[in-house]
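Colleague: I should be grateful for a close look at a single part of this model, namely the surroundings of the ligand. Please explain each step in terms that a first-year student can follow.

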Amino acid sequence: MTNGVKHIIAVSSGKGGVGKSTVTANLALAMAALGQRVGVLDADIYGPSQAQMFAVPETSKPRSDDGQTFDPLQAHGIQLMSMAFLVDQKTPMIWRGPMASGAFQQLLNQTRWDNLDYLFIDMPPGTGDIQLTMAQKVKVSGAVIVTTPQDIALLDAKRGIEMFRQVKIPVLGVVENMSLHTCSQCGHSEPIFGEGGGERIAQEYQTELLGQLPLSLHIRQQMDQGHPVVLSEPQGQVAAVFAAIAQQVRDKVENAPEEETVQISFGD
Ligand SMILES: Nc1ncnc2c1ncn2[C@@H]1O[C@H](COP(=O)(O)OP(=O)(O)OP(=O)(O)O)[C@@H](O)[C@H]1O
């Protein structure tokens with residue numbers, strides 16, 4: 001077990017830009033609203049965005065009293081660590097790649113998480129080194145797959161589900177983001193990225209559609225300002241969807257049979 005953490009939940013997407021980080025931040029806050037102690041680890045080395053989403057100033061660095069371990073930052077009641085704190089974002093992508101697994105392990109092992117019930121990991125998109133490192137090195141209670149209903153995103157999401165299955169990490173379900181857009185002027189709703197994709201993929205892989213989130217100007221604006229919608233509109237419809245997703249995640253993890261969370265060994 002990772003020190004100080006009861007359950008690790010990987011939030012993953014096949015394709016970039018489908019809203020994985022937005023879902024991670026809001027889901028973490030929704031889980032905290034259920035009375036759980038929650039942390040977020042931003043492992044998206046190619047575009048760490050959690051610090052911005054939690055309104056943490058760019059210059060913030062985690063404290064290290066002993067030079068070996070880091071204290072996570074605190075934001076909106078969430079313990080936060082990010083690749084962005086360790087890897088200079090001006091370092092070219094091509095160099096960041098090989099550093100990724102090492103930096104990820106460092107974040108996992110050298111962060112002094114304070115008694116967390118849930119640690120949500122914002123994964124880089126795709127099925128690369130970090131995913132494998134995670135599967136090899138830590139016990140993950142489950143993965144949440146984020147996708148838009150668009151065919152191209154679904155195709156990549158399927159690859160993600162298959163990868164988690166192969167490494168024996170239980171897939172807790174699918175979150176369909178940017179499902180429907182309702183025009184703020186005329187009220188007309190349109191499925192800009194297609195319809196029913198999340199449900200189809202959930203059925204195909206015998207998992208569940210955990211929730212559907214609208215494509216909404218408000219979600220984007222609040223996120224950019226560092227006030228995720230779950231915080232800024234706790235009584236709103238979107239917060240209710242996140243609350244329902246958080247409850248399902250908690251129920252699935254807490255009721256999982258012991259063997260489902262057993263880690264396979266790659267014999268490293
Ligand atoms: N439901 C939504 N409605 C409107 N905008 C959204 C929604 N979800 C996410 N966004 C916006 O889309 C952009 C991409 O979202 P986000 O960074 O969460 O995606 P990602 O999948 O984590 O991307 P990456 O793979 O690049 O890290 C952001 O500007 C975010 O505010």
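Modeller: Let us begin with Gly19, which counts as buried because 22 other C-beta atoms lie within 10 Å, the threshold for burial being 20 or more. The model is a predicted one. Gly19 is found in the loop between β1 (5-12) and α1. Leaving out residues up to four places away in sequence, Gly19 touches Val146, Asn177 and Met178. A further approach involves Thr148: this residue is 129 residues from Gly19 along the chain, yet the two C-alpha atoms are separated by 8.2 Å.

Two other residues of this loop deserve attention. Val18 is in the loop between β1 and α1, and Val18 is buried, with 26 other C-beta atoms within 10 Å. Beyond its neighbours within four places in sequence, Val18 is in contact with Ser13, Val146, Thr147, Thr148, Ala153 and Asn177. Gly16 also lies in the loop between β1 and α1, but Gly16 is partly exposed, with 14 other C-beta atoms within 10 Å. The UniProt record, an unreviewed entry, places the feature "binding site" at Gly14, Lys15, Gly16, Gly17, Val18, Gly19, Lys20 and Ser21.

We may now turn to the ligand itself. It is surrounded by 20 residues, of which the closest are Gly16, Gly19, Ser21, Thr22 and Arg220. By class, this shell has seven nonpolar, 10 polar and three charged residues. Two helices, α1 (20-33) and α8 (217-224), each supply at least two residues of the shell.

Consider α1 in more detail. Of its 14 residues, 13 are buried, so α1 is largely enclosed by the rest of the structure. Its length can also be checked: at 1.5 Å a residue, the 14 residues of α1 should span 20 Å, and the end C-alpha atoms are indeed 20 Å apart, which agrees. After α1 comes Gly35, which has a positive phi, near 90°.

The second helix, α8, has the buried residues Ile219, Gln222 and Met223. Seen down the axis of α8, these buried residues fall within an arc of 100°, so they line one face of the helix. The general reason is that an α-helix has 3.6 residues a turn, so residues three or four places apart point the same way. The face of α8 turned away from the buried side carries the exposed residues Leu217, Gln221 and Asp224. The cover over the buried residues of α8 includes α1, α2 (50-53), α9 (229-232) and α10 (237-254). Just after α8, Gly226 takes a positive phi of about 80°.

Finally, let us return to Met178, one of the residues that Gly19 touches. Met178 lies in the loop between β7 (171-176) and β8 (181-182). Met178 is buried, with 25 other C-beta atoms within 10 Å. Its backbone also merits a remark. Most residues other than glycine have a negative phi. Met178, although not a glycine, has a positive phi of about 60°. His76 likewise has a positive phi, of about 50°, although it is not a glycine. His76 is placed in the loop between β3 (73-75) and β4 (78-82), and His76 counts as buried, with 20 C-beta neighbours inside 10 Å.

Definitions and conventions:
Residues numbered from 1 in each chain as written. Predicted model: local features only at pLDDT ≥ 70, side-chain atom pairs only at ≥ 80, totals over all residues. Near = placed C-beta within 6 Å. Helix = DSSP H or I, 4+ residues; strand = E, 2+ residues; numbered from the N terminus. Nonpolar A, V, L, I, M, F, W, Y, C, P; charged D, E, K, R; others polar. Buried ≥ 20, exposed ≤ 12 C-beta atoms within 10 Å, placed from the backbone. Contact = placed C-beta atoms within 7 Å. Expected span 1.5 Å × (residues − 1). Arc of directions from axis to C-beta. UniProt positions renumbered as here; feature names shortened; annotations may be inferred.
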